[in-house]
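Please read the following explanation alongside the sequence and the coordinates, since it moves from one part of the chain to the next.

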Amino acid sequence: MIGPIILRGDLIHQFKEHLTNTEYHRVIHNGVADTNSTTERFELEKLNDTFDTFINSDYPIICKSGSKSTIPFWDYHIAVNRSRYDKEVIVTELLVREPNDQNVTNAVLMAFYMLINEKYKYERLVVPIRMNDIVGYEEIGIQSHKDGKVLFRKYA
């Protein structure tokens, strides 16, 4: 089984080890999009920078595989921070594997469903990147915003 989880505790070391051995696109770093990112295995300085930003974020959400899987972590991971606005959170880190566009969408949807709900009380997720349209999710409203998207829950 694959599922999202907040990166805490014992998983921190496992996740860092995974990042040293796996190639990812660093699509968003420190809240800035890099649409020309290439798949790479991060060198130590870049790895530490990405990892520190991830674990110091308000919501470092990783996609973890089940205990029976030979791959401990999956194809996308996203770090989200609170905005200066009470009801808003912003994607600050996004790591994806191929296929890039599909995994960007999957990661954003994962963060949306984890954070835009009654438990956390957030209403908007700001994604500082141009994305393909998200179709088939009628309960999600999407607005273009500068060079990114704002996702919000539609209310009847």
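**Aromatic pairs and nonpolar cores**

Tyr113 has a relative accessible area of 33%, and because burial requires a value under 20% and exposure one over 50%, this residue counts as partly exposed. The model is a predicted one, and in it the ring of Tyr113 is paired with that of Phe112: the two centres lie 5.3 Å apart and the planes stand at 90°, so the arrangement is edge-to-face. Phe112, for its part, has a relative accessibility of 0% and is therefore buried.

This is a suitable point to turn to the other rings. The structure holds five aromatic pairs, and another of them is formed by Tyr59 and Tyr122, whose ring centres are 5.9 Å apart and whose planes meet at 80°, so that this pair, too, is edge-to-face. It joins distant parts of the chain, given that Tyr59 belongs to strand S4 whereas Tyr122 is placed in the loop between H3 and S7, 63 residues apart. Tyr59 is buried, with a relative accessible area of 9%, and Tyr122 is likewise buried, at 7%. Together with Tyr120, these two tyrosines make up one aromatic cluster.

From the rings we pass to the nonpolar interior. The largest nonpolar core has 30 residues, and those with the most contacts inside it are Ile78, Val80, Leu94, Leu125 and Val127. Two or more residues each are contributed by strand S2 (25-29), strand S4 (59-65), strand S5 (73-82), strand S6 (88-96), H3 and strand S7 (124-127), and the largest share, nine residues, is that of H3. If neighbours within four places in sequence are left aside, Val127 is in contact with Ile28, Val91, Val108, Gly148, Lys149 and Leu151. A second core, separate from this one, consists of 13 residues, among them Leu19, Phe51, Ile62 and Phe73.

Polar and charged residues remain to be considered. Asn103 is found in helix H3, which spans residues 100-115, and with a relative accessible area of 4% this asparagine is buried. Which residues does Asn103 contact, once its neighbours within four places in sequence are left aside? They are Asp75, Tyr76, Val96, Arg97 and Glu98. Of these contacts, Arg97 can be followed one step further, to an aromatic ring, since Arg97 lies over the face of Tyr24, at 5.9 Å from the ring centre.

How values were computed. Residues numbered from 1 in each chain as written. Predicted model: local features only at pLDDT ≥ 70, side-chain atom pairs only at ≥ 80, totals over all residues. Heavy atoms only, no water. Helix = DSSP H or I, 4+ residues; strand = E, 2+ residues; numbered from the N terminus. Buried < 20%, exposed > 50% of the residue type's maximum accessible area, 1.4 Å probe, protein only. Contact = heavy atoms within 4.5 Å. Core = buried A, V, L, I, M, F, W, Y, C linked by side-chain atoms within 4.5 Å. Phe/Tyr/Trp six-rings, centres within 6.5 Å; stacked < 30°, edge-to-face > 60°. Lys NZ or Arg CZ within 6 Å of the ring centre and 35° of its normal.
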